[in-house]
Protein chains: 2
Amino acid sequence: MASSIPDIVISRLPIYLRALERLAQEGYEVTSSLELGRRLGISSAQIRKDLSHFGGFGKQGTGYRISFLVDQLRQVLKVENEWKVALVGAGDLGSAIARYKGFEDRGFHIACIFDSAPEKIGKQIDKYLIHAVDDIPSVIGAHAIKIAMVAVPAQAAQFVTDALVTAGVKAILNYAPINLKVPSDVHVQYIDPVIHLQRMTFYLNYTP
Amino acid sequence: MASSIPDIVISRLPIYLRALERLAQEGYEVTSSLELGRRLGISSAQIRKDLSHFGGFGKQGTGYRISFLVDQLRQVLKVENEWKVALVGAGDLGSAIARYKGFEDRGFHIACIFDSAPEKIGKQIDKYLIHAVDDIPSVIGAHAIKIAMVAVPAQAAQFVTDALVTAGVKAILNYAPINLKVPSDVHVQYIDPVIHLQRMTFYLNYTP
DNA sequence: TAGATTGTTAATCGATTAACAATC
DNA sequence: TAGATTGTTAATCGATTAACAATC
């Protein structure tokens with residue numbers, strides 16, 4: 001069942017969902033492609049076209065019922081239920097990720113943490129017990145975990161990734177500043193704030 | 001001097017730069033569009049086309065001298081020198097950002113931190129003194145800061161952004177899960193790990 | 001009903017790829 | 001020289017936008 005829906009469309013759905021959840025929070029019950037587009041800086045035509053890949057969620061003349069559209073988008077993205085996530089790396093970055101509340105709030109539950117430093121193994125970050133990287137196969141397997149976040153130094157990222165993939169992980173959020181090689185059925189997304197900063201400095205005039 | 005170079009090209013340059021810096025670190029001195037493309041999962045034609053917007057950096061038959069291409073890309077992106085950056089928000093997320101070493105290493109120096117909580121003001125995170133959000137105009141002005149990172153709760157993000165923009169900030173890296181309204185000469189980039197996770201769950205089969 | 005907004009089609013626009021002469 | 005790889009042009013591909021009939 002290979003999807004024929006362009007990935008660029010998929011990449012916008014979470015943005016729509018987030019904006020709609022916010023609108024709901026602000027007390028709105030109905031919105032239109034025009035209003036949503038204005039908020040997001042996206043054309044109304046694009047929003048309607050994107051949504052039309054998945055069904056007719058609106059009503060002519062009145063627009064979209066927010067609660068309904070939120071439900072539908074959550075279903076499309078498969079985020080109505082909670083996902084278990086593994087975190088590899090319990091250094092500064094990994095610890096910050098473990099403590100960040102934004103994941104749990106939005107349906108991603110950190111189920112286990114791994115690190116390679118012997119002195120950290122067996123200790124805890126918040127409520128999470130730190131496992132050895134060597135235990136990735138058994139722990140990931142036992143929990144049937146499909147999603148992992150990688151927060152290890154660049155030189156360790158590919159090794160850790162290979163272990164995760166072998167253990168059955170199909171989606172990786174990589175915080176290490178390096179491109180990962182994975183099989184074609186494994187998805188990778190990258191988070192590197194410096195990349196975003198460098199993209200913006202192009203447009204700035206450097207003044208010391 | 002409005003640039004005619006597509007933003008999508010600009011968005012790839014930092015990726016190229018990062019990969020080239022890594023190649024250099026691994027001891028390579030020369031590479032080709034084919035090799036670089038293989039590493040990044042990008043076609044060689046695209047790399048050559050992207051680079052050709054800025055000049056001829058390679059040699060037929062031999063490819064690109066890495067050190068030269070790194071220098072050129074740094075110049076294009078204006079990251080040869082250090083940029084001062086303001087950080088707003090000294091909560092869990094802000095503190096983690098302040099402690100993260102990856103910025104300094106790659107030319108972004110956190111010059112000041114702001115928070116609105118009276119009990120935090122005057123205290124320090126690492127070596128950084130926390131200023132009041134009310135002091136954004138004076139502190140940003142005094143340092144002539146052009147880049148800011150926003151790590152405050154969603155409901156405070158727009159207010160803080162308005163203050164930054166008024167103070168002269170032209171580039172914002174926003175960690176708050178909300179779309180910001182800014183004038184057209186101000187650049188915004190978003191970091192929201194949950195958005196990336198939700199983009200990947202679309203392709204997964206949910207198994208509880 | 002009249003006004004508003006959807007879903008969809010066709011037209012436009014822009015980005016990627018293929019191909020190759022130039023040349024190191 | 002022969003082989004390799006660039007920079008660039010033209011062809012293809014895909015995404016966005018404009019427009020409007022359908023209809024709430």
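**Notes on the two-chain, two-strand DNA model**

1. Starting with the surface near DNA strand D: by class it has 5 nonpolar, 13 polar and 7 charged residues. Here Ala, Val, Leu, Ile, Met, Phe, Trp, Tyr, Cys and Pro count as nonpolar, Asp, Glu, Lys and Arg as charged, and the others, Gly among them, as polar. "Near" is used for a residue with a heavy atom within 4 Å of the strand.

2. Some housekeeping. This is a predicted model, in which local features need pLDDT of at least 70 and side-chain atom pairs count only at pLDDT 80 or more, while totals for chains, interfaces and linings use all residues. Residues are numbered from 1 along each chain as its sequence is written, chains are lettered from A and ligands numbered from 1 in the order in which they are written, and side-chain values use heavy atoms, with hydrogens and water left out.

3. Back to strand D. It is surrounded by 25 residues, the closest being B:Ser33, B:Arg48, B:Phe57, B:Gly58 and B:Tyr64. Of the strand's atoms within 4 Å of the protein, 60% belong to sugar or phosphate and the rest to bases.

4. Which atoms sit by the phosphates of strand D? A side-chain N or O atom of B:Ser33 is 2.6 Å from a phosphate oxygen, and a backbone N or O atom of B:Phe57 is 2.9 Å from one. From the other chain, a polar side-chain atom of A:Ser43 lies 3.0 Å from a phosphate oxygen. The elements giving two or more residues to this surface are helix H1 (7–25) and helix H3 (44–52) of chain A, together with H3 of chain B. H3(A) has the largest share, 4 residues. Helices here are DSSP runs (H or I, at least four residues), numbered from the N terminus.

5. Now strand C. Its 25 surrounding residues include A:Ser33, A:Arg48, A:Phe57, A:Gly58 and A:Tyr64 as the closest. Sugar and phosphate make up 60% of the strand C atoms that come within 4 Å of the protein. The largest share of the nearby surface, 4 residues, comes from H3(B). The class split is 5 nonpolar, 13 polar and 7 charged.

6. For individual atoms on strand C, look at A:Gly58, where a polar backbone atom is 2.8 Å from a phosphate oxygen. The side chain of B:Ser43 has an N or O atom 3.0 Å from a phosphate oxygen. The side chain of B:Arg48 goes to a base instead, with an N or O atom 3.3 Å from a base nitrogen.

7. Is B:Asp50 buried or exposed? It counts as buried because its relative accessibility is 2% (buried is under 20%, exposed over 50%, partly exposed in between; 1.4 Å probe, protein chains only). B:Asp50 is in helix H3 (residues 44–52) of chain B. Leaving out residues up to four places away in sequence, B:Asp50 touches B:Val9, B:Arg12 and B:Tyr16 (contact is heavy atoms within 4.5 Å).

8. Finally, the protein interface. Chain B and chain A each put 62 residues into the contact. About 6,700 Å² is buried between them, 64% of it from carbon and sulfur atoms (accessible area, 1.4 Å probe, lost on being put together and summed over both parts). B:Arg18, B:Phe202 and B:Tyr206 supply 11% of the area that chain B buries against chain A, more than any other three residues.

9. There are 8 salt bridges between the chains (a side-chain nitrogen of Lys or Arg within 4 Å of a carboxyl oxygen of Asp or Glu). One of them joins A:Arg18 to B:Asp192, with the closest N and O atoms 2.8 Å apart. On the chain B side, helix H9 (residues 193–201) gives the largest share, 9 residues. H9(B) is mostly covered, with 8 of its 9 residues buried.

Definitions and conventions
Buried area is the accessible area (1.4 Å probe) that two parts lose on being put together, summed over both. A polar contact is a pair of N or O atoms within 3.5 Å; within protein, one must be able to donate a hydrogen and the other to accept it, and residues adjacent in sequence count only if both atoms are side-chain atoms.
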